[in-house]
Amino acid sequence: MRILLWHVHGSWTDAFVRGRHEYLLPVLPGGGPWGLGRAGRPWPASVREVALAELDSGSIDAVVLQRPEEAAEVTRVLGRRTGVDLPAVYVEHNTPKGDVPFTVHPLGDQNGIPIVHVTHFNELFWDSGRAPTKVIEHGIADPGYLYTGEVPELGVVVNEPVRRGRVTGTDLLPRFATAAPLQVFGMGGEGLAQATGIPSARLTVRGDLKTAELHRELARCRAYLHPLRWTSLGLALLEAMHLGMPVLALATTEAARAVPPEAGCISTDVEELGRCARQLVNDPEEARRRGKVAREAALERYGLERFLADWDELLADLVPAGGGGKVQGEGRLQGSLEGAPSGDAALKGSGPDALTAAREGNMH
């Protein structure tokens, strides 16, 4: 199957393109959100960069949408209507914003394009309207057990912590820094010390490292800290668990389902998390024991094979035998795909602001 998708969420795409299909990623000379292509990632040869305007529209079997504007762009450039004569699915990476829990999804007034939520929490809190929905939980390409915990500090991975503030729990970092020094990885960490007031001896901003280096450096930290208040489910958290790190997490959104208590500590009580952080820093063997529990839990629920199998099942339901053509039936989705308007008609007027939402992920 030939699947068109934009490179929007790097970590999720890293798992998705490891399947058995051919993946077409639009590329532009200047890159950017509409033409990032592979962006130098070591992905399989089945991941191809394409110029969207030069692509044979009839050769595409399905499109995976991740931003509301993409449906109209596909129709404008390729002349095929998403959800009508081009099978399409929309991946919702993010928690709802605005008037939660009454936030209506941008695809909520149509039923031709199913919404795939990446967590059960998201499906529960988004008002998906008439759109058929399905949950396909994250899958992670296992980096292996790399944990050493040799550095008695807490590792944090978060993109743009200064700009995102309370969403990412940036305001909580000073409280955790009293329990142990912090190493903060990710994009946009400049100005974090000034924004939080954490002294340099208790905070090291590591920046945006390549994936392999990030895994190696993160696994040297004694424990992983996940202070995010309102995020879908940080893939960095799942990767840390795969590495064998014990985790300290706010019991918010999907983290409460993803992290068993024996894997570290999960709570809405920041003081309790701080006490646990001190315990793990002072007891390396206990930290190692809890990290092994974290890894076992991550492998069981968030393995790559299960993720890809779930997607193959959905795509088989979505695309007729032989590929291409009009969307067929409802398969195992919640809802119906019949009587649907085209995706671009359903999303008319969604506007450019939605581009920001699709880039909520914490690790890329």
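This is a short walk through one sheet, two loop residues and some salt bridges in a predicted model.

Let's start with the sheet. Six strands make it up, and it is open. The order is 10-9-8-11-12-13, with parallel pairing. Which strands stand at the edges? Strand 10, residues 203–207, and strand 13, residues 264–267. Each has a single partner strand, so one side of each has no neighbour in the sheet. From one strand to the next, the twist averages 20 degrees.

Now strand 8, residues 151–157. Six of its seven residues are buried, so the rest of the structure largely encloses this strand. Strand 8 pairs with strand 11 in the parallel sense, over three bridges. There, glycine 155 has tyrosine 224 of strand 11 as its bridge partner. Strand 8 also runs parallel to strand 9, and four bridges join them. In that pairing, leucine 154 is matched with leucine 182 of strand 9.

Move on to strand 9 itself, residues 182–185. Strand 9 pairs with strand 10, again parallel, over four bridges. Phenylalanine 185 stands opposite glycine 207 of strand 10.

What lies across these strands? Helix 7, residues 211–218, lies across strands 8, 9, 10 and 11. Helix 7 runs at about 140 degrees to strand 8.

Next, a loop residue. Glutamate 150 sits in the loop between strand 7 and strand 8. Is glutamate 150 buried, exposed or partly exposed? Its relative accessibility is 46%, so glutamate 150 counts as partly exposed. Its side chain makes a polar contact of 2.7 Å with the side chain of threonine 148. Beyond neighbours within four places in sequence, glutamate 150 touches Arg220 and Arg222. Look also at cysteine 221. The C-alpha atoms of glutamate 150 and cysteine 221 are 6.4 Å apart, across 71 residues of chain.

The second loop residue is threonine 168. Threonine 168 is in the loop between helix 4 and helix 5. This one is buried, with a relative accessible area of 2%. A polar atom of its side chain lies 3.0 Å from the backbone oxygen of glycine 165. The side chains of threonine 168 and threonine 170 share a polar contact of 2.7 Å. Outside the four-place window in sequence, the contacts of threonine 168 include Val158, Asn159, Pro227 and Arg229.

Arg229 brings us to charge pairs. Side chains of opposite charge can pair when their charged atoms come close. How many salt bridges does a search of the whole structure find? The total is 20.

Take aspartate 312 and arginine 20 to begin with. Their closest N and O atoms are 3.1 Å apart. Aspartate 312 is in helix 12, while arginine 20 is in the loop between helix 1 and strand 2. That pair links distant parts of the chain, 292 residues apart. Arginine 20 counts as exposed, at 66% relative accessibility.

Glutamate 70 and arginine 67 form another salt bridge, at 2.7 Å. Both of these residues are buried.

Then aspartate 171 with arginine 229, with closest N and O atoms 2.7 Å apart. Aspartate 171 is in the loop between helices 4 and 5, and arginine 229 in the loop between strand 11 and helix 8, so the salt bridge ties together parts 58 residues apart in sequence. Aspartate 171 is partly exposed, at 36%. Arginine 229 is partly exposed too, at 22%.

Last, back to glutamate 150. Salt bridges with shared partners join Glu150, Arg206, Glu217 and Arg220 into one network.

Conventions:
Residues are numbered from 1 along each chain as its sequence is written. This is a predicted model: local features need pLDDT of at least 70, side-chain atom pairs count only at pLDDT 80 or more; totals for chains, interfaces and linings use all residues. Side-chain values use heavy atoms; hydrogens and water are left out. Two strands pair if DSSP finds at least two bridges between them. Helices (H or I, at least four residues) and strands (E, at least two) are DSSP runs, numbered from the N terminus. Axes are lines fitted to C-alpha atoms, for helices over the stretch in contact, and angles run from 0 to 180 degrees between N-to-C directions. Contact means heavy atoms within 4.5 Å. Buried means under 20% relative accessible area, exposed over 50%, partly exposed in between (1.4 Å probe, protein chains only). A polar contact is a pair of N or O atoms within 3.5 Å; within protein, one must be able to donate a hydrogen and the other to accept it, and residues adjacent in sequence count only if both atoms are side-chain atoms. A salt bridge is a side-chain nitrogen of Lys or Arg within 4 Å of a carboxyl oxygen of Asp or Glu.
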